[in-house]
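Visitor: I am new to protein structures. Could you walk me through this one and tell me how each label is earned?

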Amino acid sequence: MEGIGADLEVMKRVPLAAGHIDAIRAIGRERSYGAGDIIARIGDPMDRFLYVVEGEIEVLEPHSEKRMGDVTLGPGQFVGELSFLSGGNYFLAMRAVSRTVTIEVAREAMLDLMARVPELSDHIITVFAARRQQLIERRSSSIEVIGSDLDPDIQKVAAFLSRNHIPFQSFDLDGSDEEAMRLCKLVDHKPAVIFDHDHKIEPATPREVARELKMNLDIGDDLRTDILIVGAGPAGVAAAVHAGAEGLSALVVEDTAIGGQAGASSRIENYMGFPTGISGADLVFRGQIQALRFGTCFATPRRVERLSLERGGLFCASLDGGGRVLARSILVATGVQYRRLPLERPEQFENAGVFYAATETEARFCRNTDAVVVGGGNSAGQAAMYLSRVAHLVHILVRGDKLSDTMSSYLVQRLEAQPKIEIHFGTEVTALHGGDHLEQITVRSGDAVRILSTRALFVMIGASPNTGWLSELVELDSCGFVKTGTAVGAHRPLETSRQGIFAVGDVRAGSVKRVASAAGEGSVVVSEIYEFLGEPMTSVGPTSSHVVGSDAVRRNSSGGNSMSTEENVQTVKDFFAAMGSGDKQGLLALSAEDIEWIIPGEDWPLAGTHRGHSGLADVLRKASATMELSSPEPPDFVAQGDRVLVVGFARGRIKATNRTFEDHWVFAITVRNSKVTNIREYIDTQALARASQMDASGLA
Ligand SMILES: Cc1cc2nc3c(=O)[nH]c(=O)nc-3n(C[C@H](O)[C@H](O)[C@H](O)COP(=O)(O)OP(=O)(O)OC[C@H]3O[C@@H](n4cnc5c(N)ncnc54)[C@H](O)[C@@H]3O)c2cc1C
């Protein structure tokens, strides 16, 4: 069966072409590390591309300072994996083994280069995907999930990580290996999620874990985009690929995990192009990589709760936990949601023995127990086949008296031929029993009632459409599916009763409920949206709308900013002038209340994230107390939609050490409504840190 990437073990190592290295060198700068220097720590942002010119870099074990297996990178190789595309963080630390020279390119510039040189992009993405695949297979990660089988909340985190292809390690609370014992002690023998050796993520929710991994949750207010795609099942992700490829700015908001229902299918055999089958999660994840490459952004787990109409024909989507997205068009790709059993408290054992998907994550709970699958459709049949590999016995409970009306005949034949599967017709579940976890169920067949012992019940009895968030803006059919095309007098086949809102996939009335049709509709709808939009939002500056990466929405759009790019540049120039002249009042007037200033590095006194007006004042106070700075020439200002890149050079002296330094820096500054909201600095923190180091006596 296909996975998400090639097998790194057998993959032929092909060096980057000389022309590609020259292109990287032209936009990067050389940097050298001494033996033992840390190049990246766990949790550091993957904000630069590192190409190794000479020397050797080793990947470190998550729990120790030791080298991980035999993993090192040498001349001709490059650092990184798929998180680079989405602007995520390092899962593992990197260290120079010997003196190492790299060429380093800021992520934005590298993504821009990759967008311009597809062969280079193919090469890098193939290697990144293979590395992610290997990290998942080897469970090499700094995320440690402890006791998920005992706690439904921790189980949700494990499912989220697994379905989003994020490598993690899982431990039993009574595990006997050294790391399990250390962790159990650390978490006081209670289920928990640990990041980077000893940082307990609290609350242990998918949302918090995603925040640690920087999965693009920081949607502020009034982010603007051409298309907001709601739902990342096959339909939404196919649309994400095509929207990016057409140069539209697109944001995908997904409530649970990339993959949708397809992500719950362990093996899809009827999707063209994968003769040996592919898991639904892998298929859609591949699509996500493709979409990221074209510049589409993803935010997960985030849920659209409400949709409203704004002035100027924009749609406004309000997200759970705050944040609004203003979009010129909406694509409804929210699919359907599994039906629960008609019992008094159907949610009682959810994730504690009752499941709605049958993937590897859930299959673990079938070991040493009988599994029960409720339902007579294809999804129930596939689940039963899959679970029969691990469970003692799989019972399929079907309300009707045959399967042929509801299930494909090839599946019926397979179920009948599998000795570890028993099919019970005319049977339904009437009660669930257990303490913290499901232990037994009561089933009724006619007048006969009996108890089945099981710790794993899979409910696959159909689904209802996810349309509550549409706030009655579009017409639905009697079952709640979204009507489109001629059924509502729309000009375009996939447009709803409201111009600018389109619907695709399972949520659409009359659609064929299959992966291929959902992906097909997601692909073709983009040309309808393109036609509706007329002109996509323009982007300004060197990076086109094809730039890959998490900031593309902001770059391609005006980011909720009604000011022109020239006015944004002026705001930033004024901000710099106020900083230069020490005009504190002027500076505050030009800064948003919640301004955020991120300065990278560890040993540099100004490093960290400085928030709000007080953070701004603090960092400037600290700067003037600790150093003297001068800029021999004025910086360059490059406008990119709502962002302004400021590129400059400074010379300085650290007062405490009297050492001088030189720094080539880039400030990426976001401006909204004439106020600076975010500053991200790219500086040579190593050079600055060396300058600020005291000697052994503590004197300069
Ligand atoms: C177990 C199982 C096995 C299957 N096997 C096959 C198969 O082998 N072959 C086949 O062709 N089909 C199969 N199907 C059907 C197929 O998976 C679906 O037809 C397909 O996934 C539909 O895609 P979609 O993108 O329209 O919706 P979905 O896949 O349902 O995706 C919708 C997404 O929207 C998200 N969402 C919902 N509401 C919101 C909101 N308010 N805000 C943000 N996000 C939201 C959901 O979390 C979800 O991820 C299977 C289905 C299941 C359940």
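Guide: Gladly! Let us begin with a term: a polar contact is a pair of N or O atoms within 3.5 Å. Keep in mind that this is a predicted model.

Visitor: What makes V304 a polar contact of the ligand?

Guide: A backbone N or O atom of V304 is 3.0 Å from a nitrogen atom of the ligand. That value is within 3.5 Å, so the pair counts as a polar contact.

Visitor: How much of the ligand's accessible area does the protein cover?

Guide: On its own the ligand has 1,000 Å² of accessible area, and the protein covers 94% of that.

Visitor: Which elements give two or more residues to the shell around the ligand?

Guide: They are α8 (234-245), β18 (336-338), α11 (378-387) and α13 (515-533).

Visitor: Why does the side chain of N270 count as a polar contact of the ligand?

Guide: One of its N or O atoms is 2.9 Å from a nitrogen atom of the ligand. The cut-off is 3.5 Å, so this pair qualifies too.

Visitor: And what makes P234 qualify?

Guide: A polar backbone atom of P234 is 3.3 Å from an oxygen atom of the ligand, and 3.3 Å is within 3.5 Å, so this is a polar contact.

Visitor: Which residues around the ligand are the closest?

Guide: Of the 36 residues that surround the ligand, the closest are E254, Q261, Q382, D506 and V515. By class, the shell has 16 nonpolar, 13 polar and 7 charged residues.

Terms used
Residues are numbered from 1 along each chain as its sequence is written. This is a predicted model: local features need pLDDT of at least 70, side-chain atom pairs count only at pLDDT 80 or more; totals for chains, interfaces and linings use all residues. Side-chain values use heavy atoms; hydrogens and water are left out. A residue is near a molecule or strand if one of its heavy atoms lies within 4 Å of it. A polar contact is a pair of N or O atoms within 3.5 Å; within protein, one must be able to donate a hydrogen and the other to accept it, and residues adjacent in sequence count only if both atoms are side-chain atoms. Accessible areas come from the Shrake-Rupley method with a 1.4 Å probe; for residues, only the protein chains shown count as cover. Helices (H or I, at least four residues) and strands (E, at least two) are DSSP runs, numbered from the N terminus. Ala, Val, Leu, Ile, Met, Phe, Trp, Tyr, Cys and Pro count as nonpolar, Asp, Glu, Lys and Arg as charged, and the others, Gly among them, as polar.
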